[in-house]
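Trainee: Could you walk me through reading helix packing and loop geometry in a model like this one?
Mentor: Gladly, let's take it feature by feature.

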Amino acid sequence: MEIILIFVSAIFVNNVVLSQFLGICPFLGVSKKVGTAVGMTAAVTFVIAIATLVTYLLQYHVLVPLKLEFLQTVSFILVIASLVQMVEIIIKKISPSLYQALGIFLPLITTNCVVLGVAIQVVTNEYDFGSGAHMLGLGQALLFAIATAIGYGLALILFAGIREQLELSNVPKSFKGVPIALLTAGIMALAFMGFSGLV
């Protein structure tokens, strides 16, 4: 039951983009085509999962024992930046077309607050799954991170699909481009608010 609660909460109820408003820059920038959105989702999911694993171990096996918790944000940013460089090299070798499609947004994963936000949430927040508030274990932390990445990807891909359809629609001239994208994002956020009573 706990696993289901983590998934539903991270994907729908507390969607990182539509409820917490983290990662808006890539959400608006990479969402013009579904293919690019899928590639960005895969890259962000990989980085979030690995970053959560490394930052969790760093927090509880280095920073906390040495009483260096004040270095949390700086050390997490360094870990994330290193991981993004690794992902960039891998994508460039495996899929040059995806690398070209992602363009400037691949290096922006380094400063994508979704990745840092999830890493910090995992180590600082307490979660209540019916048995009282407690810190997430490593397995639960990875599950939460992957579910959050799935929620991010779901929002990004849905938004990209809607934007592709809007390109074919007769949108008033004053709403073309960014204005209709922001309106669409707002309506999506309202739709995801409907899940708030589930957990």
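**Reading loops and helix packing**

Mentor: Let's start with a loop residue: Phe-21 is exposed, because its relative accessible area is 54%, above the 50% cut-off. Keep in mind that this is a predicted model.

Trainee: Where is the place of Phe-21?

Mentor: Phe-21 sits in the loop between α1 (2-13) and α2 (24-29).

Trainee: What is the phi of Phe-21?

Mentor: The general idea comes first: most residues other than glycine have a negative phi. Here, phi of Phe-21 is near 55°, a positive value in a residue other than glycine. Lys-67 also deserves a look: its phi is positive, about 55°, although Lys-67 is not a glycine.

Trainee: Which loop holds Lys-67, and is Lys-67 buried or exposed?

Mentor: Lys-67 lies in the loop between α3 and α4. With a relative accessible area of 64%, Lys-67 is exposed.

Trainee: Let's go on to helices. How do I read the length of α4?

Mentor: Set the end-to-end reach beside the span expected at 1.5 Å a residue. Helix α4 (residues 72-94) has 23 residues and reaches 33 Å from its first C-alpha to its last, close to the expected 33 Å. For α6, with 12 residues, the reach is 16 Å, close to the 16 Å expected.

Trainee: Which residues of α4 are buried?

Mentor: A useful idea here is that an α-helix has 3.6 residues a turn, so residues three or four places apart point the same way. In α4 the buried residues are Gln-72, Ser-75, Phe-76, Val-79, Ile-80, Leu-83, Val-84, Val-87, Glu-88 and Ile-91.

Trainee: How many residues of α6 are buried?

Mentor: Nine of its 12 residues are buried, so α6 is largely enclosed by the rest of the structure. Among them are Val-114, Leu-116, Gly-117 and Gln-121.

Trainee: At what angle do α4 and α6 pack?

Mentor: Their angle is about 130°, and the axes are 10 Å apart. That makes α4 oblique to α6. The crossing of α4 past α6 is right-handed. On the α4 side, the contact uses Gln-72, Thr-73, Phe-76, Ile-77 and Ile-80, while α6 supplies Val-115, Leu-116, Ala-119, Ile-120, Val-123 and Thr-124. Sorted by class, this contact has eight nonpolar, three polar and no charged residues.

Trainee: And at what angle do α6 and α7 pack?

Mentor: Helix α6 (residues 113-124) meets helix α7 (residues 138-168) at about 150°, with the axes 10 Å apart. Angles over 145 degrees count as roughly antiparallel, and α6 and α7 are therefore roughly antiparallel to each other. Here too the crossing, of α6 past α7, is right-handed. From α6 come Val-114, Val-118, Gln-121 and Val-122; from α7 come Ala-141, Phe-144, Ala-145, Thr-148 and Tyr-152. By class, the contact of α6 with α7 has seven nonpolar, two polar and no charged residues.

Trainee: Can we finish with a single residue in a helix? Which residues does Ala-51 touch?

Mentor: Ala-51 belongs to helix α3 (residues 34-63). Leaving out residues up to four places away in sequence, Ala-51 touches Ile-80, Leu-83 and Val-115. Two of these names have come up already: Ile-80 of α4 and Val-115 of α6 both take part in the contact between those helices.

Trainee: Is Ala-51 buried or exposed?

Mentor: Ala-51 counts as buried, at 1% relative accessibility.

Technical notes
Residues are numbered from 1 along each chain as its sequence is written. This is a predicted model: local features need pLDDT of at least 70, side-chain atom pairs count only at pLDDT 80 or more; totals for chains, interfaces and linings use all residues. Side-chain values use heavy atoms; hydrogens and water are left out. Axes are lines fitted to C-alpha atoms, for helices over the stretch in contact, and angles run from 0 to 180 degrees between N-to-C directions. Helices (H or I, at least four residues) and strands (E, at least two) are DSSP runs, numbered from the N terminus. Angles under 35 degrees count as roughly parallel, over 145 as roughly antiparallel, 65 to 115 as roughly perpendicular and the rest as oblique. A crossing is left-handed if the near helix is turned anticlockwise from the far one by less than a right angle, and right-handed if clockwise. Contact means heavy atoms within 4.5 Å. Ala, Val, Leu, Ile, Met, Phe, Trp, Tyr, Cys and Pro count as nonpolar, Asp, Glu, Lys and Arg as charged, and the others, Gly among them, as polar. The expected span of a helix is 1.5 Å times one less than its number of residues. Buried means under 20% relative accessible area, exposed over 50%, partly exposed in between (1.4 Å probe, protein chains only).
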